[in-house]
Amino acid sequence: MTLHPTVDAVTRRIRERSGPTRSAYLQQIDQAARRTRGPDRMGCANVAHAFAGVPSDDRFRIVAEKAPNIGIVTAYNDMLSAHAPFQHYPDLIKTEARRLGATAQVAGGVPAMCDGVTQGTEGMELSLFSRDVIAMATAVALSHDMFDATLMLGVCDKIVPGLLIGALQFGHLPTVFVPAGPMTSGLSNGDKAKVREQAAQGLVGRDALLEAEIKAYHGEGTCTFYGTANSNQMLLEAMGLHVPGTAFVNPGQALRAELTREATRTVLDITRARRYAPIGQVVDERCIVNAMVALLATGGSTNHLIHWVAVARAAGIVIDWDDFSALSDVVPLLTRVYPNGSADVNQFQAAGGPGFVIRELLDAGLMHEDVLTVRSAGLREYTRIPVAAADGTTLSWQDSGESGDLNVVRPASQPFSATGGLKLLQGPLGRSVIKVSAVPEDRHVVQAPARVFDSQEGLQTAFKAGELDRDVVCIVRWQGPRANGMPELHKLTPPLAVLQGKGYKVALVTDGRMSGASGKVPAAIHVSPEALAGGPLAKVQDGDIVRIDAVAGTLEVLVDAAEWAARPLAQMSPELQAANAAGCGRELFTGMRRHALTAEEGACTWL
């Protein structure tokens with residue numbers, strides 16, 4: 001299939017823009033790849049320290065037989081449902097590696113915080129920052145330099161981007177990502193949202209709300225909506241960094257365990273066949289474009305317009321929101337998964353899942369097929385679905401076939417929308433993004449008086465006081481990377497959804513982030529430049545008419561041009577400055593803020 005001209009053009013301009021940085025990166029990993037392997041190159045004391053804690057048979061394999069040694073980086077903790085399954089993965093991987101005459105060691109662990117736990121709390125201000133901590137922790141784990149390949153165990157929001165950024169610092173190593181899968185379906189996401197909206201109005205109490213939440217989040221695995229965590233898994237499939245079809249198999253299944261063993265076999269196949277497929281070569285400009293296309297075709301999380309900019313930079317590749325926008329104009333929306341529809345990811349998987357979507361995009365010329373992946377058969381292998389034999393120990397793959405449910409997944413010839421799920425907005429208020437796939441079409445344009453808030457708590461207070469029962473565009477500023485770490489503002493979804501449900505024209509404009517689970521209410525998010533950097537949001541006043549137009553792609557304030565030019569920038573209040581300098585972990589930002597990049601640059605604090 002001929003590559004779509006827009007996909008080709010975007011890829012070419014990314015390649016041209018990235019020329020110097022990509023060349024420097026490839027030179028760096030090529031030099032690392034040419035070195036003698038660590039156990040043969042390093043001093044005897046170094047090697048002895050590295051293997052002092054492993055069985056003697058493993059030492060013999062590594063030193064005498066020069067067998068491959070796999071470094072495992074894990075995001076395991078047993079507090080979070082998505083990462084609890086990883087507890088037993090290292091033993092499973094080690095057993096499989098030994099069976100194949102190789103070895104594996106846990107190189108290190110990385111923190112894994114849950115935005116669902118920290119949402120609306122001070123801890124959320126560490127959320128985006130944690131991505132860069134995870135990247136650094138990954139690099140620290142691999143810095144022992146004793147590994148021939150790596151396996152990355154992680155699933156959720158900041159964890160996968162952080163692992164990926166860290167792994168790319170050791171881009172000469174073959175690397176496979178190993179997920180744990182989503183929890184089985186509980187209370188539907190739609191029913192859960194209804195109870196949240198009832199609670200926001202005071203119609204049900206805490207007991208009823210807690211009961212609903214527990215029924216929705218009831219076991220091991222990721223949340224079942226198509227938020228940032230599950231978007232991560234879709235993108236890794238499209239990038240060829242998984243064992244094909246691994247993303248959405250539930251924890252506890254025999255197939256899940258066998259796919260983890262297959263990840264071990266896959267990374268060893270690369271090293272033993274001497275097939276040059278290190279992660280730094282797999283993640284090239286075409287691979288990044290494939291990830292962007294997969295995100296748009298599935299209406300994935302807006303968080304990835306930040307995360308994948310940072311991921312690309314880690315590989316010497318420079319992308320921006322204009323690239324996403326150009327692709328969104330030609331990439332059709334092929335899925336309806338909550339919050340873009342009523343189905344959850346288990347229903348998405350049953351209807352065809354990532355394999356179906358990737359096949360449709362490849363056949364439509366919307367993805368690059370001529371890419372390197374961790375599998376020798378290339379990206380076409382990712383259009384197939386894994387199946388375990390009755391004994392649970394033999395894998396095979398079958399064609400994804402037709403859609404199992406046209407209400408959930410559609411072919412490219414019959415999309416839900418001719419364009420992608422995300423839209424770039426720009427105008428006098430700056431540049432921002434909006435997730436249009438979940439917003440009703442009659443809400444794609446909102447024009448209303450502004451109500452300005454300096455915190456999400458201020459909006460919640462105004463809602464409870466009945467001050468927002470009208471057409472309104474809520475401006476929530478001082479929420480950018482430099483201000484307070486750019487927290488997600490998902491707690492604002494229920495009250496705003498209540499106002500929208502009453503028939504009011506309602507929208508949100510913020511330099512903060514929204515959860516990947518958000519979408520029903522029009523939200524212009526990641527506004528850049530942020531208010532603290534002198535961005536136009538700092539000029540908006542109560543009563544200004546603000547217009548969000550997702551059709552035209554504009555974000556405007558309808559104020560006389562002369563008045564707007566003369567209007568001074570508001571300053572963050574001393575009280576808010578003091579709050580941002582205290583509390584849960586905020587002191588960690590004291591030395592980091594001056595290094596923060598804009599949202600459009602990936603909001604990195606250290607790269």
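In this predicted model, helix 6 passes helix 13 in a right-handed crossing. The residues that make this contact are Tyr-89, Leu-92, Ile-93, Glu-96, Ala-97 and Arg-99 on the helix 6 side, with Arg-256, Ala-257, Thr-260, Arg-261, Thr-264, Arg-265 and Leu-268 on the helix 13 side. Sorted by class, the contact of helix 6 with helix 13 comes out at six nonpolar, two polar and five charged residues. As for geometry, the axes of helix 6 (residues 89–99) and helix 13 come within 9 Å and cross at roughly 50°, so the two helices sit oblique to each other.

Helix 10 turns up in two packing arrangements, one with helix 11 and one with helix 22. Take helix 11 to begin with: the axes of helix 10 (residues 189–200) and helix 11 (residues 206–216) come within 10 Å, at a crossing angle of roughly 160°, which means that helix 10 runs roughly antiparallel to helix 11. The crossing of helix 10 past helix 11 is left-handed. Helix 10 brings Lys-192, Val-195, Arg-196 and Ala-199 to this contact, and helix 11 brings Ala-208, Leu-209, Ala-212, Glu-213 and Ala-216. That makes six nonpolar and three charged residues in the contact of helix 10 with helix 11, and no polar ones.

With helix 22 (residues 493–501), the axis of helix 10 comes within 8 Å, and the crossing is at roughly 85°. Helix 10 and helix 22 are therefore roughly perpendicular to each other. Here the contact involves Arg-196, Glu-197 and Ala-200 of helix 10, set against Pro-494, Pro-495, Ala-497 and Val-498 of helix 22. Five of the residues in the contact of helix 10 with helix 22 are nonpolar and two are charged, with no polar ones. Arg-196 thus has a part in the contact with helix 11 as well as in the contact with helix 22.

Now for the interior. The largest nonpolar core has 143 residues, and Leu-164, Leu-241 and Ile-288 are those with the most contacts inside it. Helix 15 gives the most to this core, contributing 10 residues. Leaving aside neighbours within four places in sequence, Leu-241 is in contact with Leu-164, Thr-175, Val-176, Phe-177, Leu-236, Ile-279, Val-282, Val-283, Val-374 and Tyr-382. Another core, of 29 residues, lies apart from the largest one and includes Ile-434, Ala-450, Trp-478 and Val-540.

Next to Leu-241 in the numbering is His-242, found in the loop between helix 12 (228–239) and helix 13 (254–272). His-242 is buried, with a relative accessible area of 0%. Not counting residues up to four places away in sequence, His-242 touches Phe-177, Pro-179, Gln-233, Leu-236, Glu-237, Ala-247, Val-374 and Tyr-382. One of these pairings spans a long stretch of chain: His-242 and Tyr-382 are 140 residues apart in sequence, yet 8.8 Å apart in space from C-alpha to C-alpha.

Helix 17 (residues 321–328) is mostly covered, with six of its eight residues buried. Those buried residues are Trp-321, Asp-323, Phe-324, Ala-326, Leu-327 and Ser-328. Their cover includes helix 1 (5–17), helix 15, helix 16, strand 7 (422–427), strand 8 (430–435) and strand 12 (523–528). Thr-302 is in the loop between helix 15 (285–297) and helix 16 (304–314) and counts as buried, at 3% relative accessibility. Beyond residues up to four places away in sequence, Thr-302 touches Leu-422, Lys-435, Met-514, Ile-525 and His-526.

A few spots in the backbone also deserve a mention. Most residues other than glycine have a negative phi, and most peptide bonds are trans. The bond from Tyr-338 to Pro-339 is cis, with omega near 15°, and Pro-339 lies in the loop between helix 17 and helix 18 (345–351). A cis bond also links Ser-528 to Pro-529, with omega near 5°; Pro-529 belongs to the loop between strand 12 and strand 13 (545–549). Positive phi values, in residues other than glycine, appear at Asp-145, near 60°, and at Trp-478, near 65°. Asp-145 is in the loop between helix 8 (127–142) and strand 3 (149–153) and is buried, with a relative accessible area of 15%. Trp-478 sits in the loop between strand 10 (472–476) and helix 21 (481–484) and is buried too, with a relative accessible area of 2%.

Conventions: Residues are numbered from 1 along each chain as its sequence is written. This is a predicted model: local features need pLDDT of at least 70, side-chain atom pairs count only at pLDDT 80 or more; totals for chains, interfaces and linings use all residues. Side-chain values use heavy atoms; hydrogens and water are left out. Axes are lines fitted to C-alpha atoms, for helices over the stretch in contact, and angles run from 0 to 180 degrees between N-to-C directions. Helices (H or I, at least four residues) and strands (E, at least two) are DSSP runs, numbered from the N terminus. Angles under 35 degrees count as roughly parallel, over 145 as roughly antiparallel, 65 to 115 as roughly perpendicular and the rest as oblique. A crossing is left-handed if the near helix is turned anticlockwise from the far one by less than a right angle, and right-handed if clockwise. Contact means heavy atoms within 4.5 Å. Ala, Val, Leu, Ile, Met, Phe, Trp, Tyr, Cys and Pro count as nonpolar, Asp, Glu, Lys and Arg as charged, and the others, Gly among them, as polar. Buried means under 20% relative accessible area, exposed over 50%, partly exposed in between (1.4 Å probe, protein chains only). A nonpolar core is a set of buried Ala, Val, Leu, Ile, Met, Phe, Trp, Tyr and Cys residues joined through side-chain atoms within 4.5 Å.
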